[in-house]
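Colleague: I would like to go through the labels on this model one by one. For each, please give me the value and the cut-off it was set against.

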Amino acid sequence: DTKWRLGKTAKFVLEGQIPLEVCPTSNVHTGICDNVGDHPFDLLWQTGFNVSVNTDNRLMSDVTLSSEFDALVQAFDYGLDDLETMTTNAMKASFLDIDEIQAIIDDVITPGFAALR
């Protein structure tokens with residue numbers, strides 16, 4: 001097992017739950033890692049960072065949010081609860097008014113994931 005020690009900036013980001021918009025497929029395409037399974041997304045997720053899944057440049061990466069979620073599920077065996085939390089994290093990080101954010105979570109995200117269960 002590798003022991004990780006967070007630096008000052010990483011601790012600040014973790015403790016402040018500053019949102020990290022992560023684009024694994026794009027990161028593979030730009031050489032950050034060899035494949036999604038080698039991406040540090042899961043390390044961030046398991047450590048408790050506030051991460052959300054994003055597509056970066058959809059045209060260049062030929063990726064959709066669904067394909068990005070699928071790649072993460074295949075690599076790290078995430079379940080619907082994980083994906084719902086990641087989606088909610090993304091919504092909470094938006095620049096909408098807090099009431100609009102909560103309405104979308106309550107009226108769209110939560111029922112959408114409930115329908116999948």
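Colleague: How many salt bridges does the structure hold?

Modeller: The structure, which is a predicted model, holds 2 salt bridges.

Colleague: Why is the pair Arg 117 and Asp 81 called a salt bridge?

Modeller: The side chains of Arg 117 and Asp 81 meet at 2.6 Å, N to O. The cut-off is a side-chain nitrogen of Lys or Arg within 4 Å of a carboxyl oxygen of Asp or Glu, so the pair qualifies. Asp 81 belongs to helix 6 (residues 80-92) and Arg 117 to the segment after helix 7 (98-116), so this salt bridge ties together parts that are 36 residues apart in sequence.

Colleague: What makes Glu 84 and Arg 117 a salt bridge?

Modeller: Their N to O distance is 2.9 Å, and the limit is 4 Å, so this pair also counts. It links distant parts of the chain, with Glu 84 in helix 6 and Arg 117 in the segment after helix 7, 33 residues apart. Because salt bridges that share partners are joined, Asp 81, Glu 84 and Arg 117 form one network.

Colleague: Which of the words buried, partly exposed and exposed apply to Asp 81, Glu 84 and Arg 117?

Modeller: Glu 84 has a relative accessible area of 15%, and buried means under 20%, so Glu 84 is buried. Asp 81 is at 54%, and exposed means over 50%, so Asp 81 is exposed. Arg 117, at 48%, falls in between and therefore counts as partly exposed.

Colleague: How do you know that the length of helix 7 agrees with its number of residues?

Modeller: At 1.5 Å a residue, its 19 residues should span 27 Å, and the end C-alpha atoms are 26 Å apart, which agrees. Helix 7 does have a kink of about 35 degrees, centred on Ile 105.

Colleague: Which residues of helix 7 are buried, and what covers them?

Modeller: The buried residues are Ile 101, Ile 105, Ile 109 and Phe 113. Their cover includes helix 6.

Colleague: What makes the approach of Asp 97 to Asp 99 a polar contact?

Modeller: At the start of helix 7, a side-chain oxygen of Asp 97 comes within 2.9 Å of the backbone nitrogen of Asp 99. The limit for such a pair of N or O atoms is 3.5 Å, so this one is a polar contact.

Colleague: What is noted about the phi angles of Gln 17 and Asp 77?

Modeller: Neither is a glycine, yet phi is positive, at about 50 degrees for Gln 17 and about 60 degrees for Asp 77. Gln 17 is in the loop between helix 1 (8-15) and strand 1 (20-22), while Asp 77 is in the loop between helix 5 (65-76) and helix 6. Gln 17, at 36% relative accessible area, is partly exposed. Asp 77, at 67%, is over the 50% cut-off and so counts as exposed.

Colleague: How do you know that the protein is as compact as a globular protein of its length?

Modeller: There are 7 helices and 2 strands, running α-β-α-α-β-α-α-α-α from the N terminus. The radius of gyration is 15 Å and the globule rule gives 13 Å for 117 residues; the values are close, so the protein is as compact as a globular protein of that length. Of those 117 residues, 32% count as buried.

Terms used
Residues numbered from 1 in each chain as written. Predicted model: local features only at pLDDT ≥ 70, side-chain atom pairs only at ≥ 80, totals over all residues. Heavy atoms only, no water. Helix = DSSP H or I, 4+ residues; strand = E, 2+ residues; numbered from the N terminus. Buried < 20%, exposed > 50% of the residue type's maximum accessible area, 1.4 Å probe, protein only. Expected span 1.5 Å × (residues − 1). Bend = angle between axes of the 7 residues up to and from the residue. Contact = heavy atoms within 4.5 Å. Polar contact = N/O pair within 3.5 Å; in protein donor to acceptor, adjacent residues only side chain to side chain. Rg over C-alpha atoms; globule rule 2.2 N^0.38 Å.
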